Amino acid sequence: MDSTNTELILIRISGLDRPGLTASITEILSRYEVDIMDIGQADIHSTLSLGILFKCRETDSGNVMKDLLFKASELGINIRFYPISTEEYEEWVNMQGKNRYILTLLGRKLTAQQIAGATEILAAQGLNIDAIRRLTGRIPLDEQKARVRACIEFSVRGTPHDTDELQSQLMKLSNRLEMDFSFQKDTMYRRMRRLICFDMDSTLIKTEVIDELAERAGVGEQVRAITERAMRGEIDFRESFTERVALLKGLDERVMRDIAEHLPITEGVERLMYVLKKYGYKIAILSGGFTYFGNYLKEKFGIDYMYANNLEIVDGKLTGRYVGDIVDGKRKAELLQLIAQVENVDIAQTIAVGDGANDLPMLSVAGLGIAFHAKPKVKANARQSINTIGLDGVLYFLGFKDSYLDERANS
């Protein structure tokens, strides 16, 4: 088609959706051999919004619009026409080269206040929203229903004026309005994550196992005090670990078995593990806890790698010492990188999830670091966090959509 005798026309169609509507519109366009320059469609509760930018011969444009108007009247839909200049089109084309990001909002429910706050932050940073889609299934009217999840994803374009300030503003908003968020650059690596590493205590399970052991040994108060100081980053993990293990001296191994068999699994773990395994992710536990319990979870969920601390047991009792190197924060980051090398996975394709100060190194190294129901220091330093729902919220940060998953994954 000779570009000197052509017109660019944008049509916007809205109305009740039905099968064959798009086919009816494009069939008319095909009669005039137009070129489709861009097309996009969205459907919200059976209400259609369809946009088509096409190029046609100047001699055909009047007939094209006339035929489309007749068809729109026949179908009971609204149609509008907008002539587009060459300059406008070139400006749109140039916009395609701008950075793209994904903002994910997640919670038990989503409100207009939350969306207004988030979109105002995007606008203030000079970012334009290209698309919005819901990742979770239909939200039930009964807000008290167990395990309700609500998630929407914004595809945005542009270059933020100040990325750190954007993150800070989103964090403040999430704290104030009880929602979670993730702001990620939209690259191929984001769409091809392959390795995910979890902390264990207070992440995969709803307890700190060393505290459970300490209760059985009668030193619960002393150990809890040391644990809290370590998780807040007030004292060195290695030092605190040695002190806490020493207090467990003499505890019977049978106590460990009983605790392992009754570990309180975090909400969403079963669903998360099922989906990750089904879609080929490699999964690792990198824990400052103990191998005895990590191996139990490894077997239960078919986890690929497990690294934790090994308690010394002699004659069926804990000696108050450990065997081998301590898995502290630095070691967790090293292990994540090592496993990525073994699996031939680019570091940008890795994910780390944890709650404590000793998880910060691996959260920083991973392509996507997620603080889960984390201590204040960890949440303040992480770029993504989940605090309002279960661990399966990780799936939405990876771009999974409920409608793409099978019945078991949505149970």
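These are my notebook entries on a few residues and side-chain pairs that I looked up in this structure.

**Entry 1: confidence**

I began with the kind of model this is, and it is a predicted one. The protein chain averages a pLDDT of 91, and 96% of the residues score at least 70. I then looked for the extremes among the elements, and found that confidence is lowest in helix 3, residues 86-95, with a mean of 82, while strand 9, residues 195-198, has the highest value, 98.

**Entry 2: the annotated positions**

Next I turned to the record, where UniProt, in an unreviewed entry, places the feature "active site" at Asp199 and Asp201. Both Asp199 and Asp201 belong to the lining of the largest cavity.

**Entry 3: Asp199**

I located Asp199 in the loop between strand 9 and helix 7, the latter spanning 209-217. Is Asp199 buried or exposed? Its relative accessibility is 4%, and because buried means under 20%, Asp199 counts as buried.

I listed its contacts beyond the neighbours within four places in sequence, and they include Leu204, Leu286, Ser287 and Gly288, as well as Val353, Gly354, Asp355, Asp359 and Met362. Closer along the chain, I noted that the side chain of Asp199 makes a polar contact with the side chain of Thr203, at 3.2 Å.

Which residue forms a salt bridge with Asp199? I found that it is Lys332, with the closest N and O atoms 3.0 Å apart. Asp199 lies in the loop between strand 9 and helix 7 and Lys332 in helix 13, residues 329-342, so this pair ties together parts that are 133 residues apart in sequence. I also checked burial for the two partners, and both Asp199 and Lys332 are buried.

**Entry 4: Asp201**

Asp201 is likewise in the loop between strand 9 and helix 7, and with a relative accessibility of 5% Asp201 counts as buried. Leaving aside its neighbours within four places in sequence, I find Asp201 in contact with Thr207, Glu208, Val209, Ile210, Ser287, Gly289 and Asp355. Reading the two lists side by side, I note that Ser287 and Asp355 appear in the contacts of Asp199 and also in those of Asp201.

**Entry 5: Ile205**

I stayed with the loop between strand 9 and helix 7, where Ile205 is also found. Ile205 has a relative accessibility of 0% and counts as buried. Where Ile205 and Ile265 are concerned, 60 residues separate them in sequence, yet their C-alpha atoms are 4.4 Å apart in space. Not counting residues up to four places away in sequence, Ile205 touches Met200, Leu263, Pro264, Ile265, Thr266 and Leu297.

**Entry 6: other salt bridges**

How many salt bridges does the count come to? I have the number as 29, and I followed up a few of them.

The side chains of Asp402 and Arg271 meet in a salt bridge at 2.9 Å, N to O. This pair links distant parts of the chain, with Asp402 in the segment after helix 16 (394-397) and Arg271 in helix 11 (residues 269-278), 131 residues apart. Asp402 counts as buried at 8% relative accessibility, and Arg271 is buried too, with a relative accessible area of 7%.

I then looked at Glu312 and Arg321, whose side chains meet in a salt bridge at 2.8 Å, N to O. Here Glu312 counts as partly exposed at 21% relative accessibility, and Arg321 is partly exposed with a relative accessible area of 49%. Last, I noted one network, in which salt bridges that share partners join Arg133, Glu153, Asp186, Arg190 and Arg191.

Notes
Residues are numbered from 1 along each chain as its sequence is written. This is a predicted model: local features need pLDDT of at least 70, side-chain atom pairs count only at pLDDT 80 or more; totals for chains, interfaces and linings use all residues. Side-chain values use heavy atoms; hydrogens and water are left out. pLDDT is the predictor's confidence in each residue, from 0 to 100. Helices (H or I, at least four residues) and strands (E, at least two) are DSSP runs, numbered from the N terminus. UniProt positions are given in the numbering used here, feature names are shortened, and annotations may be inferred rather than shown by experiment. On a 1 Å grid over the protein atoms alone, a cavity is a set of points where a 1.4 Å probe fits but cannot get out, and a pocket is an open set with protein on both sides within 12 Å along at least five of seven lines; lining residues have an atom within 4 Å of a point. Buried means under 20% relative accessible area, exposed over 50%, partly exposed in between (1.4 Å probe, protein chains only). Contact means heavy atoms within 4.5 Å. A polar contact is a pair of N or O atoms within 3.5 Å; within protein, one must be able to donate a hydrogen and the other to accept it, and residues adjacent in sequence count only if both atoms are side-chain atoms. A salt bridge is a side-chain nitrogen of Lys or Arg within 4 Å of a carboxyl oxygen of Asp or Glu.
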